[in-house]
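Me: I'd like to go through this structure and ask why things get the labels they get. Can you take me through it?

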Amino acid sequence: MSALSIVGIVVPVATPRELVNRTSADIARAVRSSDLTERMKQQGMEPVGSTPAEFDALIKSEIDKWAKVVKLSGAKVD
């Protein structure tokens, strides 16, 4: 099992879908710009970009994956 460092933007669930989609499109456009892409790569990042639905699915899958790891580890909150 591998761990990832993920950078993304999340908003409250009640945020209007039009605003979410517009913001996502603006961010995707920035991530695709050669200047930002190059700067991210220089910092060891791999620019991906995704749709709001894809990012939501990724977050959910990571929660499911790591919840199992925490449960198996027996870790407890102090």
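Reply: Sure, starting with helices: helices (H or I, at least four residues) are DSSP runs, numbered from the N terminus. T23 sits in one of these, helix α1, residues 17–32. Keep in mind that this is a predicted model, where local features need pLDDT of at least 70, side-chain atom pairs count only at pLDDT 80 or more, and totals for chains, interfaces and linings use all residues. Residues are numbered from 1 along each chain as its sequence is written, and side-chain values use heavy atoms, with hydrogens and water left out.

Me: Why is T23 called partly exposed?

Reply: Buried means under 20% relative accessible area, exposed over 50%, and partly exposed in between (1.4 Å probe, protein chains only). T23 has 32%, so partly exposed is the label.

Me: And what makes S24 count as buried?

Reply: S24, also in α1, has a relative accessibility of 17%, so it falls on the buried side. Leaving aside neighbours within four places in sequence, S24 is in contact (heavy atoms within 4.5 Å) with S50, T51 and P52. P52 also turns up with T23: the two are 29 residues apart in sequence, yet their C-alpha atoms are 9.7 Å apart in space.

Me: Why are α1 and α2 called roughly perpendicular?

Reply: Axes are lines fitted to C-alpha atoms, for helices over the stretch in contact, and angles run from 0 to 180 degrees between N-to-C directions. Under 35 degrees counts as roughly parallel, over 145 as roughly antiparallel, 65 to 115 as roughly perpendicular and the rest as oblique. The axes of α1 and α2 (residues 34–42) cross at roughly 70 degrees and come within 5 Å, so roughly perpendicular is the right name. A30, V31 and R32 of α1 meet S34, L36 and T37 of α2 there.

Me: How do you know how that contact divides by class?

Reply: Ala, Val, Leu, Ile, Met, Phe, Trp, Tyr, Cys and Pro count as nonpolar, Asp, Glu, Lys and Arg as charged, and the others, Gly among them, as polar. The contact of α1 with α2 then has three nonpolar, two polar and one charged residue.

Me: Which classes line the largest pocket, and which helix gives the most?

Reply: The lining has 23 nonpolar, eight polar and four charged residues. α1 gives the most, with eight residues.

Note on methods: Helices (H or I, at least four residues) and strands (E, at least two) are DSSP runs, numbered from the N terminus.
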